[in-house]
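Colleague: Got a minute to go through this model with me? I'd like to start with the pockets.

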Amino acid sequence: MKAEFTAIIEKAPEGGYWAICPEISGANGQGETIAETKESLRQSIELILEDRLEDILRGLPADAIQEKVMVG
C-alpha cells in the first residue's frame, strides 16, 4: 500500500524526538533522530493499518467483493 500521511514531530523533553500521525488514531513513534522517529512512526502506521484490515476481513462473508480503490 502506498500512501502519504502527516508526521507531527516534536523534541522530547528527555531527549530525542516523538511523533504522531493525525490521520491514524494511535499511531506514534519516537527516536534519537528525526529520521529514526519518522521510521518508527511509519512502522506504527503500517502495523495499525494491517491490524485493522485483518480485523475487518475476518468478519466478511466468503462472497464479499474486494477491490482496490485509488485515492489522490
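Colleague: How do the lining residues of the second largest pocket divide into nonpolar, polar and charged?

Modeller: The lining has 9 nonpolar, 1 polar and 5 charged residues. Nonpolar here is Ala, Val, Leu, Ile, Met, Phe, Trp, Tyr, Cys and Pro; charged is Asp, Glu, Lys and Arg; the others, Gly among them, are polar. This is a predicted model: local features need pLDDT of at least 70 and side-chain atom pairs count only at pLDDT 80 or more, while totals for chains, interfaces and linings use all residues. Numbering runs from 1 along each chain as its sequence is written, and side-chain values use heavy atoms, with hydrogens and water left out.

Colleague: What volume does that pocket have?

Modeller: About 430 Å³. Of the 15 residues lining the second largest pocket, Ala3, Phe5, Arg42, Ile45 and Glu46 are the closest to its centre. A pocket is an open set of points on a 1 Å grid over the protein atoms alone, where a 1.4 Å probe fits, with protein on both sides within 12 Å along at least five of seven lines; lining residues have an atom within 4 Å of a point. The volume is the space filled by probe spheres set on the points, which are joined across faces, edges and corners.

Colleague: Switching to the sheet. What order do the strands have?

Modeller: The order is 1-2-3, open and antiparallel. Strands are DSSP runs of E, at least two residues, numbered from the N terminus, and two strands pair if DSSP finds at least two bridges between them.

Colleague: Which strands stand at the edges?

Modeller: Strand 1 (8–11) and strand 3 (28–31), each with a single partner strand, so one side of each has no neighbour in the sheet.

Colleague: And how many bridges join strand 1 and strand 2?

Modeller: 4 bridges, in the antiparallel sense. Ile8 has Ile20 in strand 2 as its bridge partner.
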